[in-house]
Amino acid sequence: MHQSSSNNMIDISNKLDTCLNVVKKYEWLLNSYVSDFYVEDHWNKLPLSWQKHLEQLPVESLSELLQSDVDVDVDVGVQVTRRSLWPLELLALRQVLCSLDISRTPKRQLEVELPSCPLLEHRKLKHMFMKCVKPKKSHEIKRMAAICARSCQQNSIDFVVDFGAGLGHLARILGYGYGINVCCFEMQANLNQQALAIDAKLESMAAKHLDASELAKFKRSAHLTQRLSSSTKPTEFIESIREAFQLPDTDFQFGIIGLHPCGDLGATLMRMFLNCEQAKFLNFVGCCYHKMSTQESQPKMDLHGYPLSSQLRRQLQTDAHSCQLSYEAREIACHAIELYYDRLKAGQHEYLKIHSLRAAAERIIVHHFPDLRHSALRNVKHAPGMTFNDYFQKAVEGTRFAELNSTQLNSKQIETDLLHWERIVCFYTLRLMLAPHVESIILYDRAMFLLEKGCQVNIEAIFDPRISPRNHITSAVKN
Ligand SMILES: C[S@@+](CC[C@H](N)C(=O)[O-])C[C@H]1O[C@@H](n2cnc3c(N)ncnc32)[C@H](O)[C@@H]1O
């Protein structure tokens, strides 16, 4: 999605309206927790025609509801004939979602178009960039660094500012790998200390393996322990950067980046971009949408994480219900859709049963402790042959529900609930089908916010969604 002209603004504006209408129609589904499936009899909320169709389907076929553009390419013939059997409303809904939602599949050519980083391939040094880095993060930082390096080539800037830099993994590739100055803002002091230690180790290792001309290109990042929020004044922010780089004045230009800035930090980063004249480009990939503030969750706050655009903020004043996204809707938007698709397709029944076990546990908890609904339980991996009792003991370990003894767990009700595990898979799949739609609304709102202020905006998937489910970058430049 690349947006710049006023025509495109109209396009996004219309999409936002239509998307929100879809959410309104299906909020009964989006706002229903799977753990309440038995307690609230969610199955009977589904239209009868859906129930009838879904009940007779092997769970493997449900994967069709989550199929992405790429997966369709593989065996399109089979899919079309099977799809024709679905209830009309479900078919229509799938079609509407496909036409409105932002693609979750990265462009095939993406890697080829990006600047390379030879140091990431250096036999002796490459592992230094991956210290304390899991495979998911490794995938993200390599790609994100290359995209930010390209933005630096395309825009005349002096450095980039990383919001919520964590251990500085992204900054390290940019600074030592691409020779770009980075100012990291991270609110946790211990992370900054660790980041400095990793930088120092990398430098001493590099001193043994690189010659002076290569070492001269290194840029050590500045790591600032600071919390940025909607109340941070742009002048304070700019002054912190000036001090960090010991610059004589504030006559500099920079780009703003963020890899999974959590909660409202994404919104803060966009506001800072718009309010600082020196900020020239923006590249960030969001995360944990359910942790963003909204008027509903924090009515006393002035500025919220969602919505951001004037279009939706105006709507919020006149008809709040028309653009609100519930906590439950924003939470499902963060689930790993493609991995669930794979498990459905492969018929991994043992794994798929886990939601049913959790929902059966919820019924027991609600029965004995009606005030403690939706309590957090431990995550339990389903093992072959695991009984409900095994699951329950592990899930409640260390919680007050551990006092429930096995006689209280041996009810006929549990047996009946678990017999219907496939129904809960259907219900969860239907919610998951709507997840990219909720995410698209959040992303369209962000795009609209930036477009309304005259920026050029691009939103696209850049990470493999199976490795990193929150995979859309929002990029902007000022006109
Ligand atoms: C999900 S982590 C991502 C870290 C890093 N960007 C990465 O990808 O490895 C988000 C980081 O943002 C930091 N953070 C969250 N809110 C912040 C704020 N308001 N100001 C500064 N840092 C913040 C957190 O402490 C955390 O380290």
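The shell around the ligand divides into seven nonpolar, five polar and three charged residues. Here Ala, Val, Leu, Ile, Met, Phe, Trp, Tyr, Cys and Pro count as nonpolar, Asp, Glu, Lys and Arg as charged, and the others, Gly among them, as polar. The model is predicted, so local features need pLDDT of at least 70 and side-chain atom pairs pLDDT 80 or more, while totals for chains, interfaces and linings use all residues. Residues are numbered from 1 along each chain as its sequence is written, and side-chain values use heavy atoms, with hydrogens and water left out.

Start at the ligand. It is surrounded by 15 residues, each with a heavy atom within 4 Å of it. The closest are K137, G164, E186, L228 and L259. Three of these names return in the polar contacts, which are pairs of N or O atoms within 3.5 Å. A backbone N or O atom of G164 sits 2.8 Å from a ligand nitrogen. L228 also offers a backbone N or O atom, 2.7 Å from a nitrogen atom of the ligand. E186 uses its side chain: an N or O atom there is 2.6 Å from a ligand oxygen. Alone, the ligand exposes 590 Å², and the protein buries 84% of that. These areas come from the Shrake-Rupley method with a 1.4 Å probe.

Now turn to the empty space. Rolling a probe the size of a water molecule over the atoms shows where such space is left. The search runs on a 1 Å grid over the protein atoms alone. A pocket is an open set of points with protein on both sides within 12 Å along at least five of seven lines; a cavity is a set where a 1.4 Å probe fits but cannot get out; lining residues have an atom within 4 Å of a point. Points are joined across faces, edges and corners, and a volume is the space filled by probe spheres set on them.

Which pocket does the ligand take? It occupies the second largest pocket, by the rule that more than half of its atoms lie within 2 Å of the grid points. This pocket has a volume of about 800 Å³. Its lining numbers 37 residues, with G164, E186, P261, C262 and L265 closest to the centre. Two or more residues each come from α9 (135–154), α10 (169–177), β3 (182–186) and α14 (265–275). Helices (H or I, at least four residues) and strands (E, at least two) are DSSP runs, numbered from the N terminus. α14 gives the largest share, four residues. By class, the lining has 17 nonpolar, 13 polar and seven charged residues.

H260 lies in the loop between β5 (254–259) and α14. Its phi is near 55°, a positive value in a residue other than glycine.

The largest pocket has a volume of about 1100 Å³. It is lined by 27 residues, and E331, H335, H355, N379 and Y428 lie nearest its centre. α16 (327–332), α17 (337–345), α19 (354–368) and α22 (421–452) each supply at least two lining residues. That lining divides into 14 nonpolar, seven polar and six charged.

How many cavities of 30 Å³ or more are there? The count is one. The largest cavity has a volume of about 50 Å³. Its lining consists of T294, Q295, E296, Y306, P307, L316, C323, Q324 and L325. Y306 and P307 are joined by a cis peptide bond, with omega about -5°. P307 lies in the loop between β6 (279–285) and α15 (310–318). Most residues other than glycine have a negative phi, and most peptide bonds are trans.

Conventions:
A polar contact is a pair of N or O atoms within 3.5 Å; within protein, one must be able to donate a hydrogen and the other to accept it, and residues adjacent in sequence count only if both atoms are side-chain atoms.
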